[in-house]
Amino acid sequence: ITDCMGTSVGTGLYLGLSAVDHSCTPNVNVVFSGTDVELRALETIPAPVFTNTRVSYNNSVLPTKLRQARLMEDYFFTCSCELCNSKEKDMFCRGATVCVSCKGPVAEMEGKCSVCQKLQALDISKEKGIFFENLEDSQVLKAYQLLRTKIHIYDYKMVEFSERAMAVCLSEENYEKFYQIGESLLTAYKLYFSPNSTSLGLHLAKLAKVAIFLNQTEEAILYLKQCFDIFKLSHGEDSKLYQYLISLRDTI
């Protein structure tokens, strides 16, 4: 059970919801209002609607083999959805470096930049080792500065590290750095999440709020517009989240 911002506040057993099948690219959003739960369609669902309704049981920003292994361990099935069959996205997710020429993504298993097509031969084993170090919060931002020049944000480990770096920025009230990392992370979210994803919308809302604080009005308005488009569909105009966004817009 989550609040309007997607924060977990409890656990519940819903027999109807438990009957809905999984997809790593879900076509409905699960919305809680107190202990009530609602499924809201994110796209047109063909008949029979309930049979073709899909929610996500898992984190989409993981390599296919890892996602499938977790689903097999927890739910005893192998997913074969659209995302699980996307080889290009999976190549980046499994491991991607920053092109030395154009800064585009280079899938490690391919060794060629997807933007400028130049071949790359980088040894980033030392940098990737940082992901597994037990860093103090004070060390995270310094490590991030190094990693961002070598490992592309499409790499799932870089996504996870960037999320931690944003949390550190928030605790230190370093909002400019929070905004910078958040904008970089947005490119990965747009690749891995659907355009109407709640996860994408919540991230955009964070960027909008910080942009307002930093007096970056044009950027704030742009992010809020995208939020409204997502949450109008995923939550509805009467939802607490949508009303919160209106109050946030009124501060500009």
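# A first look at helix contacts and empty spaces

The largest cavity holds about 50 Å³ of space. Welcome to this structure, which is a predicted model. The points below start with that cavity, move on to a pocket, and end with two pairs of packed helices.

**The largest cavity**

- The count of cavities of 30 Å³ or more comes to 1.
- Lining the largest cavity are Ser60, Leu62, Thr64, Arg67, Leu83, Lys89, Asp90, Cys93 and Tyr192.
- Helices α2 (64-75) and α3 (87-94) each give at least two residues to this lining, and α3 provides the largest share, with 3 residues.
- By class, the lining of the largest cavity is made up of 4 nonpolar, 2 polar and 3 charged residues.

**The second largest pocket**

- The volume of the second largest pocket is about 340 Å³.
- This pocket is lined by 15 residues, and Val98, Lys103, Arg148, His152 and Ser184 are the closest to its centre.
- Three elements, α5 (137-150), α6 (156-171) and α7 (175-192), give two or more residues to the lining of the second largest pocket.
- The lining of the second largest pocket divides into 7 nonpolar, 6 polar and 2 charged residues.

**Helices α5 and α6**

- Two of the elements that line that pocket, α5 and α6, also pack against each other at an angle of about 135°, with their axes 9 Å apart.
- That angle makes α5 oblique to α6.
- The two helices, α5 and α6, meet in a left-handed crossing.
- On the α5 side, the contact is made by Asp137, Val140, Leu141, Ala143, Tyr144, Leu147 and Arg148.
- On the α6 side, the contact uses Met158, Phe161, Ser162, Arg164, Ala165, Val168 and Cys169.
- The contact of α5 with α6 has 10 nonpolar, 1 polar and 3 charged residues.
- Arg148 is worth finding in the view: Arg148 belongs to the α5 side of this contact and is one of the residues closest to the centre of the second largest pocket.

**Helices α9 and α10**

- Helix α9 (residues 217-234) packs with helix α10 (residues 240-249) at an angle of about 165°, and their axes lie 10 Å apart.
- The pair α9 and α10 is therefore roughly antiparallel.
- The crossing of α9 past α10 is left-handed.
- From α9, the contact takes in Leu224, Cys227, Phe228, Phe231 and Lys232.
- From α10, the contact takes in Leu241, Tyr242, Leu245, Ile246, Leu248 and Arg249.
- Sorted by class, the contact of α9 with α10 has 9 nonpolar, no polar and 2 charged residues.

Notes
Residues numbered from 1 in each chain as written. Predicted model: local features only at pLDDT ≥ 70, side-chain atom pairs only at ≥ 80, totals over all residues. Heavy atoms only, no water. Axes fitted to C-alpha atoms, helices over the stretch in contact; angles between N-to-C directions. Helix = DSSP H or I, 4+ residues; strand = E, 2+ residues; numbered from the N terminus. Parallel < 35°, antiparallel > 145°, perpendicular 65-115°, else oblique. Left-handed = near helix turned anticlockwise from the far one by under 90°. Contact = heavy atoms within 4.5 Å. Nonpolar A, V, L, I, M, F, W, Y, C, P; charged D, E, K, R; others polar. 1 Å grid on protein atoms, 1.4 Å probe; cavity = no way out; pocket = protein on both sides within 12 Å on 5 of 7 lines; lining within 4 Å. Points joined across faces, edges and corners; volume = space filled by probe spheres on them.
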